[in-house]
Amino acid sequence: MSRRKIDEIEDPIWRQLALSFSKNVTLLRQKKGWTQADLAKECSLNVSTIADVEQGATSNPRLETIAALMRGLSPSDPLILLKKPMRCDK
């Protein structure tokens, strides 16, 4: 499967899920007070991978990437990354 940007997704439901994932990764990271480099280190990922996810440069991250982000961000609700974007209340 080739990599596509979020704005290239035609189906509105899948587009919203991808947008929510991207935005919620950023919001959870910011809520922890981390930089992209901090999150990358915590998740054992490259900073460029974190940047791609947050900027919507990829609409289909690898399952291993999603799992690493879940471990690193450790949200209380595992589905939070797919829900409508949350607010960043520090």
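Helices here (H or I, at least four residues) are DSSP runs, as are strands (E, at least two), and both are numbered from the N terminus. This is a predicted model, where local features need pLDDT of at least 70 and side-chain atom pairs count only at pLDDT 80 or more, while totals for chains, interfaces and linings use all residues. Residues are numbered from 1 along each chain as its sequence is written, and side-chain values use heavy atoms, with hydrogens and water left out.

**Exercise 1. Find where Leu 19 sits, and work out whether it is buried, partly exposed or exposed.**

Step 1: Look in helix α1, because that is where Leu 19 is found.

Step 2: Recall the cut-offs: buried means under 20% relative accessible area, exposed over 50%, and partly exposed in between (1.4 Å probe, protein chains only).

Step 3: Leu 19 has 29% relative accessibility, so it counts as partly exposed.

Step 4: Now look across to Lys 84: the two residues are 65 apart in sequence, yet their C-alpha atoms are 8.7 Å apart in space.

**Exercise 2. Do the same for Ser 22, and list its contacts beyond its sequence neighbours.**

Step 1: Ser 22 also belongs to a helix, α1.

Step 2: Its relative accessible area is 5%, so Ser 22 is buried.

Step 3: Contact means heavy atoms within 4.5 Å. Setting aside neighbours within four places in sequence, Ser 22 touches Ile 6, Val 53, Glu 54, Gln 55 and Gly 56.

**Exercise 3. Sort out the two sides of helix α4.**

Step 1: Pick out the buried residues of α4 (residues 63–73): they are Thr 65, Ala 68, Leu 69, Gly 72 and Leu 73.

Step 2: These residues lie on the same side of α4, because they cover an arc of only 115 degrees around the axis. That arc is taken from the directions from the helix axis to the C-beta atoms.

Step 3: A bit of background helps: an α-helix has 3.6 residues a turn, so residues three or four places apart point the same way.

Step 4: Turn to the other side of α4, where Leu 63, Glu 64 and Arg 71 are exposed.

Step 5: See what lies over the buried residues of α4: the cover includes α1 (12–31), α2 (36–43) and α3 (47–55).

**Exercise 4. Describe how α2 meets α3.**

Step 1: Their axes come within 8 Å and cross at roughly 115 degrees. Axes are lines fitted to C-alpha atoms, for helices over the stretch in contact, with angles running from 0 to 180 degrees between N-to-C directions.

Step 2: Angles under 35 degrees count as roughly parallel, over 145 as roughly antiparallel, 65 to 115 as roughly perpendicular and the rest as oblique. So α2 is roughly perpendicular to α3.

Step 3: Name the residues that touch: Gln 36, Ala 37, Leu 39 and Ala 40 from α2, with Val 47, Ile 50, Ala 51 and Glu 54 from α3.

**Exercise 5. Describe how α2 meets α4.**

Step 1: The axes of α2 and α4 come within 8 Å, crossing at roughly 105 degrees. These two helices are therefore roughly perpendicular to each other.

Step 2: On the α2 side, the contact is made by Leu 39, Glu 42 and Cys 43, and on the α4 side by Ala 68, Leu 69, Gly 72 and Leu 73.

**Exercise 6. Compare Ser 44 and Ser 74.**

Step 1: Ser 44 isn't a glycine, but its phi is positive, about 60 degrees. Ser 74 isn't one either, and its phi is positive too, about 35 degrees.

Step 2: Place them: Ser 44 is in the loop between α2 and α3, and Ser 74 is in the segment after α4.

Step 3: Ser 44 is exposed at a relative accessible area of 68%, while Ser 74 counts as partly exposed at 48%.
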